[in-house]
Amino acid sequence: MMGKKTVEGVVDSHREPKWNVATGLPYTPSWCRRQSDGAPLRAQALMAYVALQTNETLRKEAWELALFDLDWIATAAPIHEETCDLWEETEDKEFLWNRFAMRAALVQGAQMALEMGDSDRHDHFLTVAGDELEEPLLDHMKFNATAAGSFMTECPVSSEGTGSSCDQYKKDIDGAVILALVHRYRFSGGTTGGTDDSLYTPIATSVARTVEVYNSAFCNQYPINTADTKEGIPGVLYGRYLKDQYGGGNPWQLITASLASLLYQAAQYVKASGINPEGTTKLAWQAALGPQFQGHARDFVSAGDAVLLRLRHHIKEEDDMHLYEQIDKTSGEQYNAKDLTWSYAEVLLALQERDTAVSLGAAEPIPPVEKAVEDVLGPDWKDEVGSQNWSLFFIGILLGGCFFSVYGIYTACKKGFKAQQARRRPKKYGCLNRVNAVKPELRTYTKEGLGTKALEVLDQKVRHHSAHSEP
């Protein structure tokens, strides 16, 4: 792993990646540090809490905590410093994920500063976002001849051929880009308002070409994608990056689910804006999703469903529908990190993005995520979870602060993804350059449970750790 360092000297809490909850001290052994994305993610989680909180004292306290990180980002120094990537492996100064996270936090912080009566910070945060991160995609667009255009990269294009860790790992095609697109859209307000940070739209030509290039790369990379296509399973499985050696380099559930979220967000945008992909943009999406794509919101929903269908195909009954971290690229079996919270979070968020698209009229409804949770936790589950804001739900997970929501995550997924109805299949499915959207009448997954044992396992773990923790 590149960038492994131990804790030495004075600790900068903004940059530390891991902390011991019991002691309140940083994790001292070797790890990839510094990490600049923690501060913006913390700030976003706290601002989501502020937006939901009605107690004025608690609002102010949470806002002050958010400012601890926002003011640090707004010094501009962290924006261009050497940092670890999302996967904590490589180092660079200009990762797309980190740039998106910092810009989103500053823009959101500016809006909240105005609401909190702090016009100076509002102006300052917007100035830094504009001066330092006006175009996060700068140096992150790479030309691809097959796609007849440029796609988005995680590492800066200028790092190629330099011998840097970015260059060595070849992270031009990286699942972190999909995650960056999805969560930037969520935290910029999406179709529900919020901050004005429209650097791109989910239906943009550059997004379509990114999906096309990534489809081709990951379909060729993983034998299981080819096998699924031959079997008639729609969709595609995405992994981290092409030179990934962790666990042998496999598809990841959370990245695949985030691709579905991206497609559902595109459906939301089409319905909310009334703008359909046309001309070159429509052709780019047809290259990514298949010639049957006509640019309607329901086409994007069908494409998202196709991705979840392939993911569902590998969530086995024998596993009692537990989610792991990866899917073996050859056997198709789930692999490593059983009950990974992040996997549940991304699947849950994909289902929630679909619900939002449906609420806008993009497709027919299926049982909502909220009802699935209510079936297990009761009608007051939202009060117990502590948030109706799914963005806070996800960011809390990223930060490791998922104690308040861990039951909601799994039980929502439990009711979200299991049963498959008997289905007809279209005659042709292509994985090498398209997702192959499933027509609405052929949609086959429903939101029925993911099994029952994981909740018990999580409960046992929490009880065990609390019983053995220091007073």
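This dialogue reads a strand pairing and the disulfides of a predicted model.

Q: How many disulfides does the structure hold, and which cysteines form the one with sulfur atoms 2.1 Å apart?

A: A disulfide is recognised where two cysteine sulfur atoms lie within 2.5 Å. The structure holds 2 disulfides, and in one of them C32 and C84 are joined, with their sulfur atoms 2.1 Å apart. Because C32 belongs to strand β4 (residues 31–32) and C84 to strand β5 (residues 83–84), this pair ties together parts that are 52 residues apart in sequence.

Q: What is the handedness of the link of C32 and C84, and are the two cysteines buried or exposed?

A: The link of C32 and C84 is left-handed, with -105° about the S-S bond, and both cysteines are buried, a term that stands for under 20% relative accessible area.

Q: Where do C155 and C166 lie, and what is the torsion about their S-S bond?

A: C155 and C166 form a disulfide with sulfur atoms 1.9 Å apart. C155 lies in the loop between β8 and α5 (165–169), whereas C166 is in helix α5, so the pair ties together parts that are 11 residues apart in sequence. The torsion about the S-S bond is about -80°, and the disulfide is therefore left-handed; both C155 and C166 are buried.

Q: In which sense do strands β7 and β8 pair, and which residue of their hairpin takes a positive phi?

A: In a regular strand, side chains alternate between the two faces of the sheet. Here β7 (residues 141–144) and β8 (residues 149–152) pair in the antiparallel sense over 4 bridges, and M141 has M152 in β8 as its bridge partner. The hairpin has 4 residues between the strands, and A148 takes a positive phi near 55°.

Definitions and conventions
Residues numbered from 1 in each chain as written. Predicted model: local features only at pLDDT ≥ 70, side-chain atom pairs only at ≥ 80, totals over all residues. Heavy atoms only, no water. Pairing = 2+ DSSP bridges. Helix = DSSP H or I, 4+ residues; strand = E, 2+ residues; numbered from the N terminus. Buried < 20%, exposed > 50% of the residue type's maximum accessible area, 1.4 Å probe, protein only.
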